[in-house]
Amino acid sequence: HLEKSYEPRDNSCTIAIYSNNNNNNNNYNNNDKSELWYPEENDRQDPVVMARRLGILPGGQWKPLNCHPLFNVAIILPYRNRKQQLDIFMNYIHPFLQQQNLDYRIFVIEQSPLTEFNRAKLFNVGFKEATKINDFHCFIFQDIDLIPQNPNNIYACTKMPRHMSSSVNTFRYNLPYTGLFGGAISLTRKQFEKVNGFSNIFYGWGGEDDDFYRRLQSRGFKIMRFGPNIAQYYMLTHKKEPPSNSRFANLENAAKRYDSDGLNNLEYTVLDHQLRPLYSWILADV
Ligand code: NGS
């Protein structure tokens, strides 16, 4: 069900499927941790050294050179004030994406201080800015505290929007509720545009992902998930944010805002940007 970004050719890259999946058995096997990665909180490398070693171009871009990639992906990461987690994430994600033979680029969208964090709006900003740079076919919107553990969890798009992180260690690898669409998700550019992106009004913690799920439903999208053995993530530990007071009120009138609140009324200022060794950094006032 993968949506290819490029026409397949004779020398198209293959997608490696790893051994713990070869038995065609999608039943979750709690004991089979053979291919799973467990991040260490000290796993960090010098970014310049890492970029050189892995052949990553400035701004966190890479594509395979020995075969023709099939997938062209922008990874959008909202960010503020979590330097250590960002380092750990970069340390794991580049080798992970390279194993999958993707043509990818990583964007870190940092929110300027003073206003409350607005995860959803930062995703919209990342989408807009990435789209200016390149004709990305597929977008991954994800939090930096989530490390994908199974190399088969491909960072590409599917025919329907995909919830990628349905199996997280902090939920004992169970999905807490069917409508959860937070953590890590993938959508094609077209799918994202069709729902007018995320709502811009969710300042503070919670609800923005639920709103987005309803947007998808209202536009007739069914979401998909890979099996729980593939969709496994390890969440880096941090203090829980207090939930926002406005989130339920915002959700209540969600349906009225789908067409007027999102990509089409997005306002922000880019205060600064840099091509850092492992990612493109954008500082935005939202
Ligand atoms: C719901 C939140 C979502 C959030 C989910 C999981 O209650 O935004 O919990 O959160 N919805 C509202 O607050 C309305 S988690 O346990 O992963 O921190 O994504």
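**Exercise 1. Is asparagine 196 buried or exposed at 9% relative accessibility?**

Solution. The structure is a predicted model, in which local features need pLDDT of at least 70, side-chain atom pairs count only at pLDDT 80 or more, and totals for chains, interfaces and linings use all residues. Residues are numbered from 1 along each chain as its sequence is written, and side-chain values use heavy atoms, with hydrogens and water left out.

Step 1. Apply the cut-offs: buried means under 20% relative accessible area, exposed over 50%, and partly exposed in between, with a 1.4 Å probe and protein chains only.

Step 2. Asparagine 196 counts as buried because its relative accessibility is 9%.

Step 3. Place the residue: asparagine 196 belongs to the loop between α4 and α5. Helices (H or I, at least four residues) and strands (E, at least two) are DSSP runs, numbered from the N terminus.

Step 4. Inspect the backbone: asparagine 196 is a residue other than glycine with a positive phi, near 65°. Most residues other than glycine have a negative phi.

**Exercise 2. Set asparagine 81 beside this result, and determine its backbone angle and its exposure.**

Solution. Step 1. Although asparagine 81 is not a glycine, its phi is positive, at about 65°.

Step 2. The loop that holds asparagine 81 runs between β2 (72-79) and α2 (83-99).

Step 3. Asparagine 81 has 70% relative accessibility and therefore counts as exposed.

**Exercise 3. Describe the surroundings of serine 112 and asparagine 118.**

Solution. Step 1. Serine 112 is located in the loop between β3 (103-111) and α3 (119-133). Asparagine 118 also lies in the loop between β3 and α3.

Step 2. Serine 112 has a relative accessible area of 4%, so it is buried. For asparagine 118 the value is 0%, so this residue is buried too.

Step 3. List the contacts (heavy atoms within 4.5 Å). Beyond neighbours within four places in sequence, serine 112 contacts Arg80, Leu271, Leu283, Ala284 and Asp285. With the exclusion of neighbours within four places in sequence, the partners of asparagine 118 are Gln111, Asn200, Ile201, Phe202, Tyr203 and Val286.

Step 4. Look for polar contacts: these are pairs of N or O atoms within 3.5 Å; within protein, one must be able to donate a hydrogen and the other to accept it, and residues adjacent in sequence count only if both atoms are side-chain atoms. The side chains of serine 112 and aspartate 285 form one such contact, of 3.2 Å.

**Exercise 4. Identify what tyrosine 279 approaches from a distant part of the sequence.**

Solution. Step 1. Tyrosine 279 is placed in the loop between β10 (269-275) and β11 (280-285).

Step 2. With a relative accessible area of 11%, tyrosine 279 is buried.

Step 3. Glycine 59 is 220 residues away from tyrosine 279 in sequence, but their C-alpha atoms are 4.4 Å apart.

Step 4. Not counting residues up to four places away in sequence, tyrosine 279 touches Gly59, Gly60, Leu86, Met90, Ile106, Val108 and Gln274.

**Exercise 5. Work out which residues and elements surround the ligand.**

Solution. Step 1. A residue is near a molecule if one of its heavy atoms lies within 4 Å of it. The residues around the ligand include Phe171, Tyr177, Trp205, Gly207, Asp209, Asp210, Lys240 and Arg247.

Step 2. Consider the oxygen atoms of the ligand. A polar side-chain atom of arginine 247 is 2.6 Å from a ligand oxygen. A polar backbone atom of glycine 207 lies 2.8 Å from a ligand oxygen, and a polar side-chain atom of lysine 240 is 3.4 Å from a ligand oxygen.

Step 3. Name the elements that give two or more residues to the shell: they are α5 (208-218) and α6 (247-252). The most comes from α6, which gives 3 residues.

**Exercise 6. Determine how far α5 is covered, and by what.**

Solution. Step 1. Of the 11 residues of α5, 8 are buried, and the helix is mostly covered.

Step 2. Among these buried residues are Asp209, Asp210, Phe212 and Tyr213.

Step 3. The cover over the buried residues of α5 includes α3, β8 (184-188), α4 (189-194), α6 and α7 (254-257).

Step 4. Glycine 220, just after α5, has a positive phi of about 80°.
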